[in-house]
Amino acid sequence: MASIKSDRRRFLKYLAASPLAALPAAGWQTSFPGPPLTSPKDAFSVMDFEEVARRNLPTAHFGYMASGVDDDLTLRANREGFQHIELRARRLIDVSKVDTKVNLFGTTWDFPIFICPTGAQKMFNPDAELATARAAKAKGALQIVSTVTSNSVEDVAKARGGPVWYQLYVPAKWENAEHIVKRVEAAGCPVLAVTVDLLAGRNTETFKRARRADTRMCSDCHDGEPGSNLAARPMFQGLDLKDFVMNSPSTTWDFIDRVKKTTKMKVVIKGLESHEDATAALQHGVDGIIVSNHGGRSIESGRATIESLPEVVAAVNGRIPVLVDGGFRRGTDVIKALALGATAVGIGRPYLWGLSAFGQAGVERVLEIMSGELELAMRQCGKTSLAKIDKSTIVSKL
Ligand SMILES: Cc1cc2nc3c(=O)[nH]c(=O)nc-3n(C[C@H](O)[C@H](O)[C@H](O)COP(=O)(O)O)c2cc1C
């Protein structure tokens, strides 16, 4: 009879030869590779969609989505930030019913997870923002449409079956900004989110490497080089495109003042991370803030947004809603942000993985998984509504 010692040795030898041993180190996570998903229903977590997206997309398109800037340090920091916050379990509270509804500027949404603006979704699925809008409609989620959307805001709102928010990149010429602002207001958008985190420029190195690795011609799947045909963009029609510049580094708070004077829409600033900027936003009459580093795509060596959130929340002191995005992949991530004072949490890549993998059905499943995980985390923490989620829900080691 073989000894326990030799049995163990044989088992270790077997493990070393098994494909499990060849897995890339996934940190503390245990990973059991299976066949790629064939249906969104088979996904356990939103991460399950990423591999399908990688297989479905041209390398350049996947690289554009996945990349951060420089060494992608901020991109990674966004995820790592959540590790410094733990949840406090509470027991023997009736958590059979959990209400995740949230109100933003008078509209109630089913859960506090919203769809961030991401540009040119045709690169991920032929139905693009329309598929995302139909998923948002099916799941009762808020959708923000990008300046560089592949479909017009009017068409997206129609597919959503209700108002969507619109995100504005700052064009250097005021007349162009005014034209877009008036158009989206006429389209029924209640909120304009002005993105300010790309004004300083950026170095999307990983994307550039992915593009170089992809030997196909850009014109095989879209209209020439990225950004080469501005006039074809649905939201750029009617603009003065001569010497067109977007995200000019000379932009200041004067721009926000002008936008506020031009529109009755609520004006939210996307891309703030500091208490100084939050205070300035209040002084300029801004209606809300999205704490964001563009999903690790603007500043390098930046902080995780979950780490920036508390100082913005403190400066705002409940006067306007503070939203946040960047690296949210689990319901437990969402509850941590809510505990730190966020009103709602945005997702970018997770729904793009879903969209690239299975179109509308993929985005729906991503929303379903994350909102379901949030409900589970709320039950574990003994919280039956969002209003009950406070600092006592977490232990923060930040
Ligand atoms: C492929 C891609 C395109 C994006 N395009 C835009 C955009 O057009 N406007 C904008 O304000 N933010 C844009 N973002 C940033 C997102 O709105 C959001 O801040 C970020 O994706 C959140 O981080 P996450 O991807 O880790 O969830 C983009 C992000 C990605 C990944």
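Let's start inside the protein: the residues lining the largest cavity split into nine nonpolar, no polar and no charged. Keep in mind as you click around that this is a predicted model.

**Stop 1: the cavity.** Select Val102, Leu104, Trp109, Phe111, Pro112, Ile113, Phe114, Leu142 and Ala344, and you have the lining of the largest cavity on screen. The space in there comes to about 30 Å³, and the structure holds one cavity of 30 Å³ or more. Now colour two strands, β2 (102-104) and β4 (113-115): each of them supplies at least two residues of that lining.

**Stop 2: the ligand.** Next, select the ligand and show what surrounds it. There are 25 residues around the ligand, and Pro117, Ser146, Tyr169, Thr195 and Arg329 come nearest. What mix of residues makes up this shell? The shell divides into nine nonpolar, 11 polar and five charged residues.

**Stop 3: polar atoms by the ligand.** Zoom in on Pro117, where a backbone N or O atom sits 2.7 Å from a ligand oxygen atom. Then hop over to Gln167: one of its polar side-chain atoms is 3.0 Å from a nitrogen atom of the ligand. Tyr169 also has a polar side-chain atom by a ligand nitrogen, this time at 2.8 Å. Switch on a surface, too: of the 610 Å² of accessible area the ligand has on its own, the protein covers 99%.

**Stop 4: helices and a strand.** Go to cartoon view and pick out α3 (59-66), β6 (165-169) and α13 (349-358), the elements that give two or more residues to the shell around the ligand. Which element gives the most? That's α13, with three residues.

Notes. Residues are numbered from 1 along each chain as its sequence is written. This is a predicted model: local features need pLDDT of at least 70, side-chain atom pairs count only at pLDDT 80 or more; totals for chains, interfaces and linings use all residues. Side-chain values use heavy atoms; hydrogens and water are left out. On a 1 Å grid over the protein atoms alone, a cavity is a set of points where a 1.4 Å probe fits but cannot get out, and a pocket is an open set with protein on both sides within 12 Å along at least five of seven lines; lining residues have an atom within 4 Å of a point. Grid points are joined across faces, edges and corners, and a volume is the space filled by probe spheres set on the points. Helices (H or I, at least four residues) and strands (E, at least two) are DSSP runs, numbered from the N terminus. Ala, Val, Leu, Ile, Met, Phe, Trp, Tyr, Cys and Pro count as nonpolar, Asp, Glu, Lys and Arg as charged, and the others, Gly among them, as polar. A residue is near a molecule or strand if one of its heavy atoms lies within 4 Å of it. A polar contact is a pair of N or O atoms within 3.5 Å; within protein, one must be able to donate a hydrogen and the other to accept it, and residues adjacent in sequence count only if both atoms are side-chain atoms. Accessible areas come from the Shrake-Rupley method with a 1.4 Å probe; for residues, only the protein chains shown count as cover.
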